[in-house]
Amino acid sequence: MSTGSPPSGESLAPRPPDLRVQVAGIELKNPIIAAAGTFGYGVEFEDIVHLDRLGGFVVKGLSIAPMTGNPPPRLYETAAGMLNAIGLQNIGAQAFLEEKLPRLRAKKDAVVFANVFGYTRADYEHTIEILNQGEGIAAYELNVSCPNTAHGGIQFGSDPHMLDEVVRSAKRVAARPLIVKLSPNVTSIGLMARVAEEAGADAVSLVNTFLAMAIDAETRRPRIANVTAGLSGPAIKPIALRMVYDAAQAVKIPVIGMGGITTPVDVVEYMLAGASAVEVGTASYFDPVATEKLVDGLTEYCREHGIERLSELTGGLITD
Ligand SMILES: Cc1cc2nc3c(=O)[nH]c(=O)nc-3n(C[C@H](O)[C@H](O)[C@H](O)COP(=O)(O)O)c2cc1C
């Protein structure tokens, strides 16, 4: 329970705040998770971030076969945000198991989530079946919401029937908890969250990037070779926050919130809106240590505000 003010007596050493949270039946030491596609396979960050201090991290989207992604330019900085059209470049699920996972397993207490992507339901199933063979993955995050590939991805995330089917088949084969990452490019996020829940998701995460574009007026060409791209970063935060609120109102399963988080107060806002944990993406591009700094910042925030158990903030928005 949160109390008023922190102990004032100098002799009383304050107890460290309890940052633990639960998502999809997994206990995390804190709610800060590095978001898919912005933290490589984790190993790229091991020299600069203490991976075991994070709540966890999501490795970049894995597919059944390696993917080269889209041609450059693939990134463009916008006002308070970033456009990307990486196109899910990755080494493939099997290579991830052989080349990356053993290194991650050596990092005791690091919590690894695997982001999964496919063009068809069978792709999703086979990718999960491959990943089921590896040890040391806490859960799968099903990416049904990437706006940057020609087919698949976003279609699953924007059509309720297709979402239902892909989540059901993924759940059937998944040997681990299933987090479904929802697309924000929909009319009713609450409906999509409920469809994912009823199809068996153990949690939903949102949002992925917003479909967007930028044009160079001088050359009259798109700034991104793919023409359209996904917008992320602080520019999307108020919209993402509203969507997390709507999703949390619609389902009973845990909600992982993300979109433009850069400060501990952002994390608190997402939790008040109903998130049990958060993911942090674009912030790592501007400061590679952003995720770990947020863990420290949250500890400080709780101390300053007399919050003993951070998880009690979830859904605490006062609306009257
Ligand atoms: C460069 C880049 C690559 C991304 N790749 C993936 C990906 O592979 N799978 C996925 O589910 N989301 C991917 N995302 C989306 C992020 O995980 C996150 O949902 C989004 O960027 C919003 O959070 P942010 O504003 O904190 O970045 C990517 C985002 C960026 C910026």
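Colleague: In this predicted model, which side chain has an N or O atom 2.8 Å from an oxygen atom of the ligand?
Modeller: A polar contact requires N or O atoms within 3.5 Å, and a pair at 2.8 Å meets that cut-off. The ligand contributes an oxygen atom, and the side-chain partner belongs to Lys181.

Colleague: How far is the ligand oxygen from the polar backbone atom of Gly260?
Modeller: Backbone atoms also approach the ligand: an N or O atom of Val207 is 2.9 Å from a ligand oxygen. For the polar backbone atom of Gly260, the distance to an oxygen atom of the ligand is 2.7 Å.

Colleague: How much of the ligand's 610 Å² of accessible area does the protein cover?
Modeller: The ligand occupies the largest pocket, with 24 residues around it. Of the area that the ligand has on its own, the protein covers 96%.

Colleague: How many residues does the largest nonpolar core have?
Modeller: Leu142 is among the residues with the most contacts inside this core. Beyond its sequence neighbours, Leu142 is in contact with residues including Val180 and Lys181. The residue count of the core is 106.

Conventions. Residues are numbered from 1 along each chain as its sequence is written. This is a predicted model: local features need pLDDT of at least 70, side-chain atom pairs count only at pLDDT 80 or more; totals for chains, interfaces and linings use all residues. Side-chain values use heavy atoms; hydrogens and water are left out. A nonpolar core is a set of buried Ala, Val, Leu, Ile, Met, Phe, Trp, Tyr and Cys residues joined through side-chain atoms within 4.5 Å. Buried means under 20% relative accessible area, exposed over 50%, partly exposed in between (1.4 Å probe, protein chains only). Contact means heavy atoms within 4.5 Å. A residue is near a molecule or strand if one of its heavy atoms lies within 4 Å of it. A polar contact is a pair of N or O atoms within 3.5 Å; within protein, one must be able to donate a hydrogen and the other to accept it, and residues adjacent in sequence count only if both atoms are side-chain atoms. Accessible areas come from the Shrake-Rupley method with a 1.4 Å probe; for residues, only the protein chains shown count as cover. On a 1 Å grid over the protein atoms alone, a cavity is a set of points where a 1.4 Å probe fits but cannot get out, and a pocket is an open set with protein on both sides within 12 Å along at least five of seven lines; lining residues have an atom within 4 Å of a point. A molecule sits in a cavity or pocket if more than half of its atoms lie within 2 Å of its grid points. Lists of a residue's contacts leave out its neighbours within four places in sequence.
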